[in-house]
Amino acid sequence: MNGQRLSWFAIPVLNTLFQIFIKLAADAVSGHASGWFSGSLASPWLLAAIAVEIVCFLIWMQVLSELDLSKAFPLSALSYVLVLLSSWLYFREQITALQLIGSALILGGVWLIGTASGRGSPQQNTHEIKFPPVTTMRARR
């Protein structure tokens with residue numbers, strides 16, 4: 001797997017880590033005597049979540065420079081499936097059949113969007129909306 005695709009997969013993984021760290025921070029604060037806000041600021045899990053989110057943002061900017069938004073954004077939906085799997089493995093949360101079916105549908109949808117070429121016969125693309133380039137719109141003002 002090349003580095004470019006590895007960075008694409010980093011987005012859902014980092015989003016999942018962010019959610020796990022936030023959950024751990026919330027669990028640590030739940031019985032905190034000094035209050036929720038001050039307790040959360042002292043949590044190393046919250047600091048880890050912020051650090052992961054910053055790294056994720058930087059990688060996301062790189063991914064968006066390489067992919068169309070319509071193909072890049074569905075990659076982030078993989079984090080829903082990864083969060084479900086992580087919550088089952090790490091937090092021992094129960095998973096229902098509907099959650100498994102929903103996860104399979106998410107994975108199928110991401111696969112369909114990711115493998116769609118966007119190039120078909122002109123008759124297939126009759127509903128495609130073409131927007132003028134941004135520079136053209138600015139020149140008209």
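1. Let's start with Leu14, which sits in helix 1. This is a predicted model, and in it Leu14 comes out at 13% relative accessibility. That is under the 20% cut-off, so Leu14 counts as buried. Its C-alpha atom is 9.7 Å from that of Ser76, although 62 residues separate Leu14 and Ser76 along the chain.

2. A second long-range pair is worth a look while you're there. Val55 belongs to helix 3, and its C-alpha lies 9.7 Å from the C-alpha of Ala10, with the two residues 45 apart in sequence. Is Val55 buried or exposed? Neither label fits, because its relative accessible area is 40%, and values between 20% and 50% count as partly exposed.

3. Now the overall fold. The protein chain has seven helices and zero strands, so to speak a plain α-α-α-α-α-α-α when you read along the sequence. Of its 141 residues, 26% are buried.

4. On to the packing inside. In soluble globular proteins, nonpolar side chains tend to be buried together. Here the largest nonpolar core has 15 residues, and Phe21, Val63 and Leu67 are the members that touch the most others. Which elements supply at least two residues each? They are helix 1, helix 3 and helix 4. Helix 1 has the largest share of this core, at seven residues.

5. The second largest pocket deserves its own point. It holds about 210 Å³ of space. Four elements give two or more residues to its lining: helix 1 (3–29), helix 3 (44–66), helix 4 (69–76) and helix 5 (78–90). Helix 3 gives the most, with four residues.

6. If you want to pick that pocket out on screen, the lining includes Ile11, Asn15, Glu53, Cys56, Phe57 and Trp60. Also in the lining are Phe73, Ser76, Ala77, Ser79 and Tyr80. Ser76 is thus a pocket-lining residue as well as the partner of Leu14 in the pair from point 1. By class, the lining is made up of seven nonpolar, three polar and one charged residues.

7. Aromatics next. How many aromatic pairs does a search of the whole structure find? The answer is two. In one of them, Tyr90 and Phe91 meet edge-to-face, with 4.9 Å between centres and 90° between the planes. The partners in this pair have separate accessibility labels: Tyr90 counts as exposed, at 52% relative accessibility, whereas Phe91 is partly exposed, with a relative accessible area of 22%.

8. Phe91 has another neighbour to check. Lys23 lies over the face of its ring, at 5.9 Å from the ring centre. So that you have the cut-off in mind, a charge counts as sitting over a ring within 6 Å of the centre. Phe91 therefore has Lys23 over its face and also takes part in the edge-to-face pair with Tyr90.

9. Last one: look at the backbone at Arg92. Its phi is positive, about 60°, although Arg92 is not a glycine. Where does Arg92 lie? You'll find it in the loop between helix 5 and helix 6 (97–115). Its relative accessible area is 63%, and because that is over 50%, Arg92 is classed as exposed.

Key
Residues are numbered from 1 along each chain as its sequence is written. This is a predicted model: local features need pLDDT of at least 70, side-chain atom pairs count only at pLDDT 80 or more; totals for chains, interfaces and linings use all residues. Side-chain values use heavy atoms; hydrogens and water are left out. Rings of Phe, Tyr and Trp (its six-membered ring) pair if their centres lie within 6.5 Å; planes under 30 degrees apart count as stacked, over 60 as edge-to-face and the rest as tilted. Buried means under 20% relative accessible area, exposed over 50%, partly exposed in between (1.4 Å probe, protein chains only). A charge sits over a ring if NZ of Lys or CZ of Arg is within 6 Å of the ring centre and within 35 degrees of the ring normal. On a 1 Å grid over the protein atoms alone, a cavity is a set of points where a 1.4 Å probe fits but cannot get out, and a pocket is an open set with protein on both sides within 12 Å along at least five of seven lines; lining residues have an atom within 4 Å of a point. Grid points are joined across faces, edges and corners, and a volume is the space filled by probe spheres set on the points. Ala, Val, Leu, Ile, Met, Phe, Trp, Tyr, Cys and Pro count as nonpolar, Asp, Glu, Lys and Arg as charged, and the others, Gly among them, as polar. A nonpolar core is a set of buried Ala, Val, Leu, Ile, Met, Phe, Trp, Tyr and Cys residues joined through side-chain atoms within 4.5 Å.
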